[in-house]
Amino acid sequence: MILIQRPADITPSEITSEGLFRQRRNLIMASAGLLLGGGIAPATGVAAVSDFPGLKPGPFATDEEKTSFQAVTSYNNFYEFSTDKRQPAKLAKAFKSRPWTIAFGGEIAKQQRFDVDELIKKFPPQERIYRLRCVEAWSMVIPWVGIPLHRVLKALNPSSKAQYVRFETLLDPKQFPGQRGSLFGSSLDWPYVEGLRIDEAMHPLTLLAVGLYGRFMPNQNGAPIRLVVPWKYGFKSIKSIVKIDLVDKQPLNTWNRQAPREYGFYANVNPAVDHPRWSQARERRIGEWSKRPTLPFNGYAEQVAGLYQNLDLRTNF
Ligand SMILES: Nc1nc2c(c(=O)[nH]1)N[C@H]1C(S)=C(S)[C@@H](COP(=O)(O)O)O[C@H]1N2
Ligand SMILES: [Mo]
């Protein structure tokens with residue numbers, strides 16, 4: 001009998017490094033004779049199928065060890081499902097992420113709606129291996145499949161009034177248990193909202209991610225389409241987007257509204273500016289035991305520091 005733990009059965013201390021995971025998996029697979037049959041890519045621990053035929057690597061990849069598919073899809077912040085990071089993987093199983101329409105509006109030539117698969121056809125995604133650094137001082141390395149956001153925005157012909165981009169997650173209490181009011185009130189104001197300055201949104205690092213590890217975006221990671229802004233704390237990377245508006249004023253993002261002293265609009269990863277309740281100097285890479293130093297702009301300073309030359313990063317946290 002082969003015992004392969006499901007993600008839900010694994011506790012944080014058991015989330016092993018990619019290497020260990022691979023070794024174990026290979027051992028299990030080999031003993032079951034499964035490696036001979038093919039279909040498993042040992043390098044990733046995920047079946048070697050692709051939902052994106054012809055997917056090509058894009059620029060800016062890190063060569064750091066990737067966080068295992070297992071960990072990336074079983075340790076998630078997704079408050080629409082639960083405030084417990086173990087729960088989204090379980091609670092998101094039945095989430096209906098297709099068909100899915102994204103509405104583009106605001107200061108653009110013409111209001112438009114796109115089906116997510118239309119968008120993928122029109123703007124071919126690339127693989128981008130990025131670090132993701134959560135404000136809670138843990139991090140992962142994830143091979144995203146994403147559409148550079150600037151390609152989509154440029155095609156929409158924004159007017160000169162388009163100074164910011166505002167993103168909104170689906171509002172659907174039937175599907176999102178976290179959006180249902182309870183006796184104790186809801187955890188956040190729904191729908192989840194995020195925003196970027198137009199130059200941040202147009203930056204070539206910024207992605208509309210539609211998958212990871214060559215697969216369509218798992219529900220718990222923000223299916224079918226979510227933002228990925230690798231130099232900012234994870235909460236900026238809003239999941240399950242239904243609405244994207246080009247606007248003239250800075251949007252009020254969910255976490256800034258919830259706790260303005262703790263979470264700002266910019267949320268650039270900054271080891272020199274602590275969160276009021278904890279240090280941001282170091283982080284735990286999921287799968288590793290000792291902490292590592294956090295890098296300014298999460299290691300993307302060379303690409304993005306120039307965007308903030310005239311900004312006091314201490315007050316604009
Ligand atoms: N709609 C929505 N988007 C969200 C969140 C959320 O709760 N709701 N959590 C954010 C936080 S705090 C992080 S760290 C990342 C986590 O993404 P991951 O689960 O793919 O690692 O998603 C971000 N996007
Ligand atoms: Mo986060």
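**Notebook: ligand 1 and an aromatic pair**

I began with the ligand in this predicted model, and found that a polar backbone atom of Ser 237 lies 2.9 Å from a nitrogen atom of ligand 1. I then looked up how much of the ligand is covered, and noted that ligand 1 on its own has 540 Å² of accessible area, of which the protein covers 98%.

Next I turned to side chains that reach oxygen atoms of the ligand. For Asn 76, I found a polar side-chain atom 2.9 Å from an oxygen atom of ligand 1, and for Arg 226 I likewise noted a polar side-chain atom at 2.9 Å from an oxygen atom of ligand 1.

Which residues around ligand 1 come nearest? I listed 17 residues around the ligand, and wrote down Asn 76, Tyr 79, Glu 80, Asn 221 and Lys 239 as the ones that come nearest. Sorting the residues of this shell by type, I counted eight nonpolar, six polar and three charged. As for the place itself, I found that ligand 1 sits in the second largest pocket.

I then left the ligand and looked up the aromatic rings, for which the count comes to 18 pairs. I picked out Phe 81 and Phe 95, which form an edge-to-face pair with 5.8 Å from centre to centre and 85 degrees between the planes. I placed Phe 81 in the loop between α3 (69–72) and α4 (87–91), and Phe 95 in the loop between α4 and β4 (101–106), so the pair ties together parts that are 14 residues apart in sequence.

Terms used:
Residues numbered from 1 in each chain as written. Chains lettered and ligands numbered in written order. Predicted model: local features only at pLDDT ≥ 70, side-chain atom pairs only at ≥ 80, totals over all residues. Heavy atoms only, no water. Near = heavy atom within 4 Å. Polar contact = N/O pair within 3.5 Å; in protein donor to acceptor, adjacent residues only side chain to side chain. Areas by Shrake-Rupley, 256 points an atom, 1.4 Å probe, with all protein chains shown as cover. 1 Å grid on protein atoms, 1.4 Å probe; cavity = no way out; pocket = protein on both sides within 12 Å on 5 of 7 lines; lining within 4 Å. Sits in = over half its atoms within 2 Å of the grid points. Nonpolar A, V, L, I, M, F, W, Y, C, P; charged D, E, K, R; others polar. Phe/Tyr/Trp six-rings, centres within 6.5 Å; stacked < 30°, edge-to-face > 60°. Helix = DSSP H or I, 4+ residues; strand = E, 2+ residues; numbered from the N terminus.
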